[in-house]
Amino acid sequence: MAWVLKMDEVIESGLVHDFDASLSGIGQELGAGAYSMSDVLALPIFKQEDSSLPLDDEAKHPPFQYVMCAATSPAVKLHDETLTYLNQGQSYEIRMLDNRKMGDVPEITGKLVKSIIRVVFHDRRLQYTEHQQLEGWKWNRPGDRLLDLDIPMSVGIIDTKTNPSQLNAVEFLWDPAKRTSAFIQVHCISTEFTPRKHGGEKGVPFRIQVDTFKQNENGEYTDHLHSASCQIKVFKPKGADRKQKTDREKMEKRTAHEKEKYQPSYDTTVLTECSPWPDTPTAYVNSSPSTAPTFTAPQQSACSVPDSNSSSPNHQGDGVSQTSSEQLQPSATIQETQQWLLKNRFSSYTRLFSNFLGADLLKLTKEDLVQICGAADGIRLYNSLKSRSVRPRLTLYVCREQPAPQGQQQAAGGGGDGSAATPYVYHAIYLEEMVASEVARKLALVFNIPFHQINQVYRQGPTGIHILVSDQMVQNFQDESCFLFSTVKAENGGGVHIILK
């Protein structure tokens with residue numbers, strides 16, 4: 001019995017010693033870096049409490065992920081955004097992936113969502129003038145789009161839409177529960193938006209952005225869910241492959257230490273989260289023709305007669321008011337600039353130059369206008385801004401014959417050099433068309449004769465005969481010929497004949 005009690009004491013003392021030894025190290029190695037609070041919270045006993053805390057990773061967990069099947073450049077430094085090279089017009093797949101966790105965004109389960117894919121500018125400077133840049137591209141490439149969907153190759157997209165006024169955007173519906181891939185084609189190249197001065201200019205970067213929306217209470221897809229984008233550059237066909245190869249060869253020549261400063265090239269490009277594209281009237285893809293400022297040109301009289309004493313072809317009596325050919329002044333306001341564009345038949349560009357003052361428009365060079373408006377309209381606009389008038393094909397000087405006292409008729413025929421009491425004042429008539437009807441029309445305007453009352457125009461020939469003025473006769477007039485003219489009533493009393501002497 002005593003032996004049993006002794007054994008119990010030994011066992012008890014041993015257990016106490018072991019327990020004391022196990023406690024002896026507590027607090028000795030708990031330095032500042034030994035444990036972190038996140039490690040403690042990760043212990044199983046804290047699992048229940050941890051589930052009630054909104055961790056950053058969970059709060060920022062994106063509901064979707066978009067992956068473009070195009071390799072990233074190897075010549076991108078660490079911590080910089082990836083850069084992907086694309087070929088113009090080539091189809092590239094963008095995989096639309098459902099990235100939700102269990103219970104995330106339950107309201108879209110079993111429903112469709114809408115995504116809008118855009119190609120936009122990466123540089124902030126070009127973003128401010130995006131509307132003007134894209135409008136200029138539109139006029140330089142009529143009928144083309146900046147971005148298209150390759151529908152036959154795409155999978156899982158329905159109700160695709162491309163708005164003619166939104167050349168850089170496409171939209172479609174898709175089911176997150178099903179496999180979805182949108183194949184896109186970018187038709188604009190990066191060097192189209194750089195000033196062409198010396199050749200070989202560095203192209204501007206673009207962004208491919210995807211914005212996804214869910215339905216609101218009215219069934220409209222306006223509630224924003226997620227946005228992501230990536231940086232790209234677009235080259236002419238096969239140019240992206242050559243650029244990728246060049247970057248790879250450059251990286252191979254670098255030392256191992258230098259290579260550590262650069263990202264590896266990935267086979268695909270993952271679009272990173274970003275802010276949604278601004279849905280404002282000033283954004284290009286959301287604008288419509290109704291948002292453009294409209295101006296009403298003042299009504300002009302079709303029969304206004306300019307100063308007939310003017311010697312400039314710009315002021316000839318051609319049925320156009322003087323104000324329509326006035327030169328645009330540098331001090332012109334935005335509204336005055338818009339009115340000038342309307343008067344000079346540039347109404348198609350009022351929206352493009354909606355924020356331009358007169359000085360802004362006059363600063364554009366001929367090359368700028370050709371790039372913005374295309375060759376034909378660019379040259380026409382440049383000539384109008386510089387007031388380059390068309391030289392008339394034929395100039396005639398005409399004076400109405402005045403009644404003279406008896407005995408002075410011969411002096412009158414000499415142009416007023418004899419004893420005529422009234423000096424003869426000639427009016428310049430400028431012809432752009434070498435036809436007889438143009439002569440009659442200009443005479444009617446300058447001398448205020450109703451054009452519909454002129455029956456025939458004759459030229460007085462030898463011995464006083466009247467020769468009908470034909471197109472061939474007008475073509476043989478000498479430039480700056482002088483004529484006296486008179487009017488005689490037609491035999492039937494309907495209208496007048498004009499006789500040139």
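**Exercise 1. Cysteines**

Find out why Cys 482 forms no disulfide in this predicted model.

*Solution.* Start with the closest partner: the cysteine sulfur closest to that of Cys 482 belongs to Cys 399. The two sulfurs are 9.9 Å apart, which is too far for a bond. A disulfide needs the sulfur atoms within 2.5 Å. Next, try Cys 274, whose closest cysteine sulfur is in Cys 230, 9.7 Å away and again too far for a bond. Cys 274 is partly exposed, with a relative accessible area of 26%. Finally, widen the view: a search of the whole structure turns up zero disulfides.

**Exercise 2. Confidence**

Decide which stretches of the predicted model call for caution, beginning with the mean pLDDT of the protein.

*Solution.* The mean pLDDT is 74, and 71% of the residues reach 70 or more. Now look at residues 1–6, where the pLDDT is below 50 and the model has zero contacts beyond near neighbours in sequence. Then turn to residues 21–58: here pLDDT stays under 50, and the model shows eight contacts beyond four places in sequence. Where pLDDT is low, the predicted coordinates should not be read in detail.

**Exercise 3. The whole chain**

Describe the protein by its helices and strands, its buried residues and its contacts.

*Solution.* Begin with secondary structure: the protein has 15 helices and 18 strands. Of its 501 residues, 38% are buried. For contacts, take those between residues at least 6 apart in sequence; 68% of them join residues at least 24 apart. As for the surface, about 29,700 Å² is exposed, with carbon and sulfur atoms supplying 52% of it.

**Exercise 4. Aromatic rings**

Work out how the rings of Tyr 85 and Phe 235 are arranged, and which strands they come from.

*Solution.* A search of the whole structure finds seven aromatic pairs. In one of them, Tyr 85 and Phe 235 have ring centres 5.5 Å apart and planes at 80°, so this pair is edge-to-face. Angles over 60 degrees count as edge-to-face. Now place the partners: Tyr 85 is in strand E2 (residues 83–87) and Phe 235 in strand E10 (residues 221–235), so the pair links parts of the chain 150 residues apart. Tyr 85 is buried at 8% relative accessible area, while Phe 235 is partly exposed at 24%.

Repeat the steps for Phe 353 and Phe 356: with centres 5.0 Å apart and planes at 80°, the pair is edge-to-face. Phe 353 is buried at 1% relative accessibility, and Phe 356 is buried at 18%.

One ring has a charge for company: the charged end of Lys 114 sits over the ring of Phe 213, 6.0 Å from its centre.

**Exercise 5. Helix H9**

List the buried residues of helix H9 (residues 334–343) and name helices that help cover them.

*Solution.* The buried residues are Thr 337, Gln 338, Gln 339, Trp 340 and Leu 341. Their cover includes helix H10 (358–362) and helix H12 (375–385). Following the chain onward, H9 is succeeded by Arg 345, with a positive phi near 65°.

**Exercise 6. Positive phi**

Locate Lys 238 and Thr 463, and state whether each is buried or exposed.

*Solution.* Recall the background: most residues other than glycine have a negative phi. Lys 238 departs from this with a positive phi of about 75°. Lys 238 lies in the loop between E10 and helix H7 (239–252), and at 55% relative accessibility it is exposed. Thr 463 has a positive phi too, near 60°. Its place is the loop between strand E15 (454–460) and strand E16 (466–468). At 81% relative accessibility, Thr 463 is exposed.

Terms used:
Residues numbered from 1 in each chain as written. Predicted model: local features only at pLDDT ≥ 70, side-chain atom pairs only at ≥ 80, totals over all residues. Heavy atoms only, no water. Helix = DSSP H or I, 4+ residues; strand = E, 2+ residues; numbered from the N terminus. Buried < 20%, exposed > 50% of the residue type's maximum accessible area, 1.4 Å probe, protein only. Contact = heavy atoms within 4.5 Å. Areas by Shrake-Rupley, 256 points an atom, 1.4 Å probe, with all protein chains shown as cover. Phe/Tyr/Trp six-rings, centres within 6.5 Å; stacked < 30°, edge-to-face > 60°. Lys NZ or Arg CZ within 6 Å of the ring centre and 35° of its normal. pLDDT = per-residue confidence, 0-100.
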